[in-house]
Amino acid sequence: MSQHVVCPHCQAVNRTREERMGDKPECGRCHKALFGAGPIELTTATFDGHVGRSDIPVLVDFWAPWCGPCKMMAPQYVQAAAMLEPAVRVAKVDTEAEPSLGARYDIRSIPTLALFRGGKEVARQSGAMGAADIVRWVRSQG
């Protein structure tokens with residue numbers, strides 16, 4: 001069975017065989033790794049492509065650079081990404097740089113984690129968490 005995964009570098013949609021996801025798949029267009037060493041940054045221009053066109057769940061951290069708890073959670077989020085990918089795409093949205101995304105998803109406190117499947121938000125959790133708690137929360141969402 002194959003899954004669609006959006007390249008974080010060139011935004012191309014790649015068809016990747018599910019059983020090969022752990023083999024460090026590369027983009028068919030730009031030949032860069034589909035999964036890297038941590039969360040990808042999403043913008044208004046790239047958000048819908050990743051959330052709406054990926055067959056794997058997308059975990060998004062809505063954060064801001066001035067937020068103390070966001071800064072404390074950032075290294076934990078990177079650790080969680082290493083544990084969750086490639087089964088889950090891990091991403092970040094800077095709500096200060098992308099206020100329209102924060103408004104669109106009614107983000108009222110940060111950090112807020114939102115889990116998307118098939119383009120729809122399926123779960124949300126506000127507040128800073130450790131890596132193990134992030135992974136446990138994501139996996140508990142089915």
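**Group meeting: loops, cores and a helix pair**

Let me begin with Asp-106, which is partly exposed, its relative accessible area being 42%; here buried means under 20% relative accessible area, exposed over 50%, and partly exposed in between, with a 1.4 Å probe and protein chains only. What you are looking at is a predicted model, in which local features need pLDDT of at least 70 and side-chain atom pairs count only at pLDDT 80 or more, while totals for chains, interfaces and linings use all residues. Residues are numbered from 1 along each chain as its sequence is written, and side-chain values use heavy atoms, with hydrogens and water left out.

Asp-106 sits in the loop between helix 3 (99–104) and strand 6, where helices (H or I, at least four residues) and strands (E, at least two) are DSSP runs numbered from the N terminus. Although Asp-106 is not a glycine, its phi is positive, at about 50 degrees. Lys-24, in the loop between strand 2 and strand 3, also has a positive phi, near 55 degrees, and with a relative accessible area of 73% Lys-24 is exposed.

Now to the peptide bonds, where we may ask: which residues does a cis peptide bond with omega of about 10 degrees join? They are Glu-85 and Pro-86, and Pro-86 belongs to the loop between helix 2 and strand 5 (89–94). A cis bond also runs from Ile-110 to Pro-111, with omega near 0 degrees, and Pro-111 is placed in the loop between helix 3 and strand 6. As background, most residues other than glycine have a negative phi, and most peptide bonds are trans.

Glu-85 brings us to Gly-22, since the C-alpha atoms of these two residues are 8.7 Å apart although 63 residues separate them along the chain. Gly-22 lies in the loop between strand 2 (13–17) and strand 3 (40–41), and its relative accessible area of 64% makes it exposed.

Turning inward, the largest nonpolar core (a set of buried Ala, Val, Leu, Ile, Met, Phe, Trp, Tyr and Cys residues joined through side-chain atoms within 4.5 Å) has 17 residues, and those touching the most other members are Leu-59, Tyr-77, Leu-84, Leu-113, Ile-134, Trp-137 and Val-138. At least two residues of this core come from each of helix 2 (68–84), strand 6 (112–117) and helix 4 (131–140). Another core, of 14 residues, lies apart from it, with Val-51, Val-93, Ile-107 and Ala-114 among its members.

Leu-84 deserves a closer look: beyond its neighbours within four places in sequence, Leu-84 is in contact, meaning heavy atoms within 4.5 Å, with Leu-59, Val-90, Val-135, Val-138 and Arg-139.

The residues of helix 2 that meet helix 4 include Met-73, Tyr-77, Ala-80 and Leu-84, and their partners in helix 4 include Ala-131, Ile-134, Val-135 and Val-138. By class, this contact has 9 nonpolar, 2 polar and 1 charged residues, where Ala, Val, Leu, Ile, Met, Phe, Trp, Tyr, Cys and Pro count as nonpolar, Asp, Glu, Lys and Arg as charged, and the others, Gly among them, as polar.

I will close with His-50 in helix 1 (residues 44–53): is His-50 buried or exposed? Its relative accessibility is 1%, so His-50 counts as buried, and, leaving out residues up to four places away in sequence, His-50 touches Val-6, Cys-7, Pro-8, Gln-11, Ile-40, Leu-42, Val-58 and Arg-89.
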